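Reader: I have a model to go through with you. Tell me what each term rests on.

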Amino acid sequence: MADTARKDNWMKPAAMAIPKEGYFKDKEERGRYGPIFPRTPACHGFTIIAKVKPGREQAVRDYGKSIEAAVEGDPHCLEVLKLHYLRWVLFDINGDTYFMYQGIFDTDFDKYTEDAVALFSKTGITTVFVNLEGFPEDWRTNVPAFIKFVREHQRQSFLEYGEYPYVSADEIKKALRVKAALSDMLDQMQ
Amino acid sequence: MLEFDDIQHILLTRAPALTGRYEFLSFREPVAGREWVAAIREKVQSAHAARASVETDKRWVSVAFTWNGLRALGVDEAALATFPEEFKQGMATRADILGDTGANHPDKWVGGLAGPDLHAIVILFSRDAAERERSRSEHDKLIGRLKGVEVLSSLDLEATPSFDYAHDHFGYRDRLSQPVIEGSGDVPTRGSGAPLKAGEFILGYPDEDGPPANLPQPEILSRNGSYMAYRRLQEHVGAFRDFLRQHGKTPEEQELIAAKLMGRWRSGAPLVLAPNKDDPALGADMQRNNDFNYKEMDPHGYAVPLGSHCRRMNPRDTAANMNRRRMIRRGATYGPPLPDGIPDDGAERGIAAFVICASLIRQFEFAQNVWANDKNFHELGNERDPIIGSQDGTLEYTIPRRPIRRKITGLPAFTTVRGGAYFFLPGLRALGYLATLGDGRQSRAS
């Protein structure tokens, strides 16, 4: 029951400073698997940082290729996740490799993860998470364990900003479709 | 192969009951609780037994337990720990997740359902009021014999007239869209999709994702069991009819408003197939009344508003992983019907229903949390389910229309949650196991 409804003006850029817990204690809302992180001017999202298992860096990089191929094969294969953007980064700390999975999306945290597990299980493709330390072996059949891992490795933003705040990907696409239709209409009227 | 002789009948069959009674129990003594289980078990029909004699049977009995109830019967801590977290916590503890706030809050629930003393429910469905009375008095005698089993509360169920089809107090035809379980022998009606793997509803069988996993232990306790979310939902019939009159000038317009809230005419005819005028013959025709989709037939909600009850509870082809979100519904109406044209008399009336599923968090709680109560479902912005959503008078309801949509503001609450609980519905062998706990045989989590 993420309170994702916002009537804010998308023309007015907005910033939100977020407490350390990742949510506002006075407005805490509980989701099915834990507190609901607030929708910010930069929408819902997460930043998961976890240590890559030794020797698996290439496997993580290769997984980037397989996502690219999957989206090329079926451009809508990730549609259910209601994503705006994904950013995947590898970096080193003291000789260990870490993986950062940053996603900006329009559904709440738990639903994103649930949908992702279903997507990865159904398509037979695995998840990049299997290369991360501490990831549950039985992830395909144990959604709560998958979600627990994601929640435990989530690093909360303390600031999020939107130049066009609180706008969903669907709304953006709708606006672009209207723009395209309008320009087509104007062309026809020449 | 489904073990029909072990699965409680309520999972697979709908008894032709016109009345019934729910009794909510507390076990003060484990021994008395187990004696009760042993006695009532003799009356609980399996799916096999109920199917064999459904024409002649007059009474149907089902029993289920809360997590606290399993503990009160003597299930050991190791086994209790293997149950899923949401079941352990119970419905009242998870009220905020379900939208049970304000007037729906567990503090306001009746019948002792919100407290830890609720241990079990016995469902006594009956063909008529005389048979219900027989069940009630026999159960009374049983409880009287056992010192240490207490009835916390009870609720009598009555089908609302007219009796030629099931409907709620608002007048909506019910029982139109039910999932069919693979191997059950039931045939889905047109448009209802293929049968679903049994594990979506019955523990111990493969589900839509694969082999069963993470089942409560020991296996004898969980196999052929299921979870039941109970909801006692008061229907504010006077407020509902006032709303229809306020927003529709003629009886026809009022019927259309009622249909737009639900997604079906009160006759059951789906708006997708009958967008402008009711078609009672269509509503009554089980081969036609479920044969539609949204994505192709009504993508913008011109027939069925995007936020309507039907569209939220079963988004069909417009939601991901639908096969993992389906639920079996059972239950009945309670309270006196409110005749047409009579102002609300203040009597409580409503639906007392069960949602049966293999995972409360994935199926029931998802439907409540995301489908019923997400204000931004389908990008609507400030709406919740108009029938069962958490409404406080501040939300809206959008009815798409050409050229301009109609938006109703300040939607009132038509229903209030008066009670609820999470139960585990064991198989018959598991009932035997529970009845004999402590007889030298200990439950063990393996």
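Author: Chain A has four helices and five strands. The model is predicted: local features need pLDDT of at least 70, side-chain atom pairs count only at pLDDT 80 or more, and totals for chains, interfaces and linings use all residues. Residues are numbered from 1 along each chain as its sequence is written, and chains are lettered from A and ligands numbered from 1 in the order in which they are written.

Reader: What makes a run a helix or a strand in chain A?

Author: DSSP runs decide: H or I over at least four residues is a helix, E over at least two is a strand, numbered from the N terminus. Along the sequence, chain A then reads β-β-α-β-β-α-α-β-α.

Reader: What share of chain A is called buried?

Author: Buried residues are 29% of its 190 residues. A residue is buried if 20 or more other C-beta atoms, placed from the backbone, lie within 10 Å of its own.

Reader: How many residues does each chain give to the contact between chain A and chain B?

Author: Chain B gives 21 residues and chain A gives 19. Two residues are in contact if their C-beta atoms, placed from the backbone, lie within 7 Å. On the chain B side, helix 14 gives the most, with four residues.

Reader: Why does chain B have a domain 1 and a domain 2?

Author: Domain bounds come from an automatic or database domain assignment. That assignment gives domain 1 as 9–167 + 177–230 + 420–435 and domain 2 as 233–418. Their centres, taken over C-alpha atoms, are 26 Å apart. Domain 1 puts 48 residues into their contact, and domain 2 puts in 39.

Terms used:
Buried ≥ 20, exposed ≤ 12 C-beta atoms within 10 Å, placed from the backbone.
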